[in-house]
Each structure stands twice: as structure tokens, then as C-alpha cells.
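Please look through the structure shown below with an eye to its charged pairs, its covered helix, its pocket and its backbone. The paragraphs that follow take these topics one after another.

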Amino acid sequence: MNSRRVIYGLGCLNLCVACTFIQVSSGNGSNSNKCWYPAIYNFGDSNSDTGAVSAAFTGVKPPNGISFFGSLSGRASDGRLIIDYITEELKLPYLSAYLDSVGSNYRHGANFAVGGSSICVGGYSPFHLGLQVSQFLQFKSRTKILFNQLSDNRTEPPLKSGLPRPEDFSRALYTFDIGQNDLAIGFQHTSEEQVRKSIPEILSQFSHAVQQLYNEGARVFWIHNTGPIGCLPYSYIYYEPKKGNLDANGCVKPHNEIAQEFNKQLKDQVFQLRSKLPLAKLTYVDVYTAKYELISNAKIQGFVSPLEFCCGSFYGYHINCGKKAIVNGTVYGNPCKNPSQHVSWDGIHYSQAANQWIAKHIIYGSLSDPPVPIGQACF
């Protein structure tokens, strides 16, 4: 075949793929192109889990959800997570957890994230990224069969309206927020140098997961890097400080440096994936910078010290958020009165107010590569 024809054919194919995502909207008299995503499929850990841990293991108990969703929140926060603000921005419903059978609707996507998950096997949760992708593949296969079997007029569950349309899988947005637990469990059980050396293998498995989804027709990927793990209050509490190992914010410098190295190599992986997956649109999102900026300027932004947290206790008596204990007449476990003034909700996870602040700083493209807002990441 003539090489010029091959190039022309590939160009047309890329154009056709891009066009399936485009929605033309008008505002203030001018037209602007915006992606139309019929669904979101998310993979991750507790930073984006919307109910999986609550459904699969023990319920995520109040006061989690106190600021927004209520007692059935399923989220490790007082309210919304970054993924919830992403769905709001794209005018899609909040994502149902794949593992949650109660009240779930998957027409506009599904959430495979599970609290405690890591990219690699052997983390805090059995639901590592490879298993999450396997669950997605099964979900896609089974819902396609069921969708084609069910009548539009069916009035008893399962309803066709609660299933994804088969053609929407290739038009959906695929989001990732995972990797923090790979580092955290390494810090707990190995040396910092060993954690650093493990990064290439961790990211090799991440890259494999993306390629698996691409082979199934996924085309648009929104990939969060990992946050400043050394700034989580529990890192500060349990780390034995040495001279020069804490920064001006009280963050554990060696842990943040390794997180930054993880992110550098993740960005390199994304660049490599762009060359391997010619029809994909991959956006690398620098969540680390957004979170660290908030932590560095917490008081200016109206928050208390970022090392303080609202729910649970690590001081005097250790008790997790959602539990209570009375020790020598002191009640431990009650939440603070103003969650919106805290960056950290429970010493590990961010508050709704912090998640909203971070989301506003990442979804419009200023911290992305390429620098595009999420609504234009399909181009």
C-alpha cells in the first residue's frame, strides 16, 4: 500500500475517534468544543472510593459523610471526594461503587476504586489495580450481554436503564488515583531506599493496566499522580524526626522526596504510553502540587494547621474515625465542630473542603500535561 495512503488513513482514523467525544456548545455568542463523556470509569484507593470498602468489608461509619452524603456516604471523608467534583464538573451522576449492590446505577459509569488498594499485589487491600481492571473487563462483558437481552419496557430489576450502553465504553473517561499505598506500605515494612527502588516495577504494572484498558477500547485517560504523603498528619505522628527531615510545614521530607520521584517516573511512563497507544489521549495531572500548595498556604486559605485533623485521635489515645472511647473521663473520637476548616479529615484522608479546593486547581488544566481542562481532555 502506498505510504501516503497509510498516513492519510491513520489521520482519518484519529480524527474519527476524536469526533466521537466532541460536543459543540455555545456561550456568550461563541462556539467552543467540549468533550462529551457518557460515562466515567475510575480506578484507585480510598482517595476516590465511593462505597466499595463499605460494601465489601465493614461499613464506613458516621461521622464520615457528615457534611454531605450522610450515613450512607461510603467515603473516607466528611463529604465529597475529588472524583465527586469531577463528576459534577462533567454533569454526570456520582459514581456507584462496582462492589455495592444497594441502590447502584451504572448507566454513566462505575467506580472500581477500593480503600487501601495499591497498584501491586500485597498492599492493605486485596483489590489491587490488576484485580480492579479484571473486574472492569468482567463488568463490561456481562453488562453488554445483559443490555442486549433486556427489553426497554422491563419494569422489574435488572433494568436496562441502570446498565451502560455498550457503545459508551469507548467514549468514556477513564480516571486513576492510585499509588499512595504502594509507597505507604513500603515505608512501614521496608527502608526508604527499598521503596525508591521498587518504583519502576510498581509503574510497570500501572502501565500494563492502562494498556489492558486501551486494548478493550478505552481512549481517554485522566491520571492523577500521588500526593505529598509526608504531609499526612499520621506520617508526622509516626515518623521519628531527625534533624533536617521535616520541612517548614512539618512534612516528612524523605517521604515527599520519594513521592516526587514516583511522580517523575509516572510522568515518564505516561509519555511512553503516548507513543505506544497512538489512539489514546493521556493526561497527567499534578495533584501533588495542588495538595502541597494548599498545605503550604492552609492558614491563608482559611484552614487550621494542616497537621490537625477533625475525626479520630492519634494523640493521647489512638482511635480511628467512626469509633469512640472514654479514657479517664476523656471522650475520644468525636469529630470537630467545623470540618470545613480542616485540610485533613482523619489524619489520612482530606476533608470535603480540601477536596473541593484541590479539584478546582486540577480540573481546568493548569497542573496538567498537556495543559487542558478535563472537559477537553479528549482532543
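Aspartate 84 forms a salt bridge with arginine 75, and the closest N and O atoms of the pair are 2.9 Å apart; a salt bridge here is a side-chain nitrogen of Lys or Arg within 4 Å of a carboxyl oxygen of Asp or Glu. This is a predicted model, in which local features need pLDDT of at least 70 and side-chain atom pairs count only at pLDDT 80 or more, while totals for chains, interfaces and linings use all residues. Residues are numbered from 1 along each chain as its sequence is written, and side-chain values use heavy atoms, with hydrogens and water left out.

Are the two partners of this salt bridge buried or exposed, if buried means under 20% relative accessible area, exposed means over 50%, and partly exposed means in between (1.4 Å probe, protein chains only)? Aspartate 84 is buried because its relative accessible area is 1%, and arginine 75, with a relative accessible area of 4%, is buried as well.

A search of the whole structure finds nine salt bridges. One of them joins the side chains of aspartate 168 and arginine 165, with 2.9 Å from N to O. Aspartate 168 counts as buried because its relative accessibility is 1%, whereas arginine 165, at 23%, counts as partly exposed. These two residues also belong to a network of salt bridges that links Arg165, Asp168 and Arg171.

The side chains of lysine 267 and aspartate 369 meet in another salt bridge, at 3.7 Å from N to O. Because lysine 267 lies in helix H8 and aspartate 369 in strand E10, the pair ties together parts that are 102 residues apart in sequence. Helices (H or I, at least four residues) and strands (E, at least two) are DSSP runs, numbered from the N terminus. Lysine 267, at 31% relative accessibility, counts as partly exposed, and aspartate 369, at 22%, also counts as partly exposed.

Aspartate 369 is also part of a feature of the backbone, since the peptide bond from aspartate 369 to proline 370 is cis, with omega near 0°. Proline 370 itself is found in the segment after strand E10 (368-369). A further cis peptide bond runs from proline 62 to proline 63, with omega near 15°, and proline 63 is placed in the loop between helix H2 (52-56) and helix H3 (82-89). Most residues other than glycine have a negative phi, and most peptide bonds are trans.

Two residues can be read against the part of that rule that concerns phi. Lysine 91 is not a glycine, yet it has a positive phi of about 55°; it sits in the loop between H3 and E4 and is exposed because its relative accessible area is 71%. Asparagine 328, likewise not a glycine, has a positive phi of about 50°. Asparagine 328 lies in the loop between E8 and strand E9 (330-332), and with a relative accessible area of 79% it is exposed.

How much of helix H5 (residues 180-189) is covered, and which helices do its buried residues pack against? Eight of the ten residues of H5 are buried, so that the helix is mostly covered, and among them are Leu183, Ala184, Ile185 and Phe187. The buried residues of H5 pack against helix H6 (192-215), helix H7 (233-238) and helix H8 (253-276), where contact means heavy atoms within 4.5 Å.

Helix H5 also has a part in the largest pocket, which has a volume of about 1,300 Å³. Of the 40 residues that line this pocket, the closest to its centre are Ser46, Asn320, Asp346, Ile348 and His349. H5 and H7 each supply at least two residues of the lining, and H5 gives the most, with five residues. On a 1 Å grid over the protein atoms alone, a pocket is an open set of points where a 1.4 Å probe fits, with protein on both sides within 12 Å along at least five of seven lines, and lining residues have an atom within 4 Å of a point. Grid points are joined across faces, edges and corners, and the volume is the space filled by probe spheres set on the points.

Serine 125 lies in the loop between strand E4 (109-111) and helix H4 (129-149), and it counts as buried because its relative accessibility is 6%. Apart from neighbours within four places in sequence, serine 125 is in contact with Val114, Gly115, Gly116 and Ser117.
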